Amino acid sequence: MAALTPWAFVLPSLLIGALLAYGLARQHARTRDELRRAREELKRLNDQLDVWQWRTDTAHCLTLLRAPAGAAPGAPLAAGVPLAERIVFPAAEALRQQLAAHAPLHDLEGRFAPAAEQPARRVLLRGAPVSDDEGRFAGYAGTLRILEEAVPAPADADAEAERESFSYTVSHDLRAPIRVVEGFTRILKEDYGASLDRIANDHLDRVLGAAARMNAMIDALLALSKLSSQPITRQPVNLSQLAAYVAEDLRRQSPGREIVLHIEPGLQVMGDPTLLRLVLENLLGNAWKYTAKTRAAEVWLERRAQHPDTYTVRDNGAGFDMRFADRLFGVFQRLHSANDFQGTGIGLATVRRIVRRHGGEVWAEAEVDRGASFHFSLPAG
């Protein structure tokens, strides 16, 4: 019997390999064609959507904001802009909690201006978390639907457009340089902090602290601007009960403080409970703050004698010079150093705007180192 040559084994193997390679090449070509057709189909579908499309990275900063077909493209998307800054949400804290939990976003209402020169519109946002190939959280993807709104009266429309333009400028344009300063300072501290001495690191910490305070001031300024257009609902409000809730929050924030709080019971008023709580948070919060260096600190909330619709928050704290009282209720006006007492300089301006929207007025009396009294009226009608 003749011996088999090596080619008798090699040739079938080569033939099988060639057939497998040919099959894999054909399969790859089909897969590539199917993928191309799927992309074309997805593009056709995207081109027919009547909603904005958006996407974020893992830090919830926008990486995509695409206008619907036929609409103006909107303002260029700046890198690193957080979703909650490009689209303003009334329930900002609830949104932050959902984003932190990587939870789906269902019809969240917000305000969105496609471009700086355009007024903000009421929108509904939807989104879902997406994962990378390894199953890790990779950001969000979703849609933004602009809702049709009734056209306000011309004067109101101009005021609303001006307010929205102001809010857009403050929220986006002012934050941009702060993000740059904060970002590069953090990089400098992380990369070179070990090589710098204690004084240099302290300087970097001061820059970061100043950036954080500026962001807090911007947040407060935006909240103040919204008070002019926020609708007021009038209903019975137990001011004494609201004050107790605020005091409980203050005690939790500073558990080491020993302070005596006197709340007159049965202070019943008519007004918006949410806005009136803001009034008490600012007035009681200030009293709490300015008695921090007072031995045997005390704070009162009471009805003003002979004035049934007027109420007073007073304390025995630092007080202030009445010669400068006209500056109290201005935006960013402070009568004390920020090193002595922290704050944004917006609180009392917020109080005055809310009280005036309720038809009342607010004023103050004080002496240096002998405390301050803030009176505010809430007419029943």
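A residue counts as buried under 20% relative accessible area, as exposed over 50%, and as partly exposed in between. Val-180 has a relative accessibility of 46%, so this residue falls in the partly exposed class. The model behind these values is a predicted one.

Val-180 sits in helix H5, which covers residues 175–192. Together with Phe-184 and Ile-187, Val-180 makes up a nonpolar patch of about 310 Å² on the surface. As for the protein's outside in general, the accessible surface adds up to about 22,800 Å², and carbon and sulfur atoms account for 57% of that.

Thr-312 tells another story. This residue is part of strand S11, running over residues 310–315. With a relative accessible area of just 3%, Thr-312 is buried, because the cut-off for that class is under 20%. Of the protein's 381 residues, 33% are likewise classed as buried.

What does the side chain of Thr-312 make a polar contact with? The partner is the side chain of His-375, at 2.6 Å. His-375 also turns up among the residues that Thr-312 touches once those up to four places away in sequence are left out, and Ser-373 and Phe-374 are on that list too. The rest of the list consists of Trp-300, Leu-301, Glu-302 and Arg-304.

Zooming out, the fold has nine helices and 13 strands. Taking the contacts between residues at least 6 apart in sequence, 61% link residues at least 24 apart.

Conventions
Residues numbered from 1 in each chain as written. Predicted model: local features only at pLDDT ≥ 70, side-chain atom pairs only at ≥ 80, totals over all residues. Heavy atoms only, no water. Helix = DSSP H or I, 4+ residues; strand = E, 2+ residues; numbered from the N terminus. Buried < 20%, exposed > 50% of the residue type's maximum accessible area, 1.4 Å probe, protein only. Polar contact = N/O pair within 3.5 Å; in protein donor to acceptor, adjacent residues only side chain to side chain. Contact = heavy atoms within 4.5 Å. Areas by Shrake-Rupley, 256 points an atom, 1.4 Å probe, with all protein chains shown as cover. Patch = residues over 30% accessible without salt bridge, like charges linked within 9 Å, V, L, I, M, F, W, Y side chains within 5 Å. Salt bridge = Lys/Arg side-chain N within 4 Å of Asp/Glu carboxyl O.
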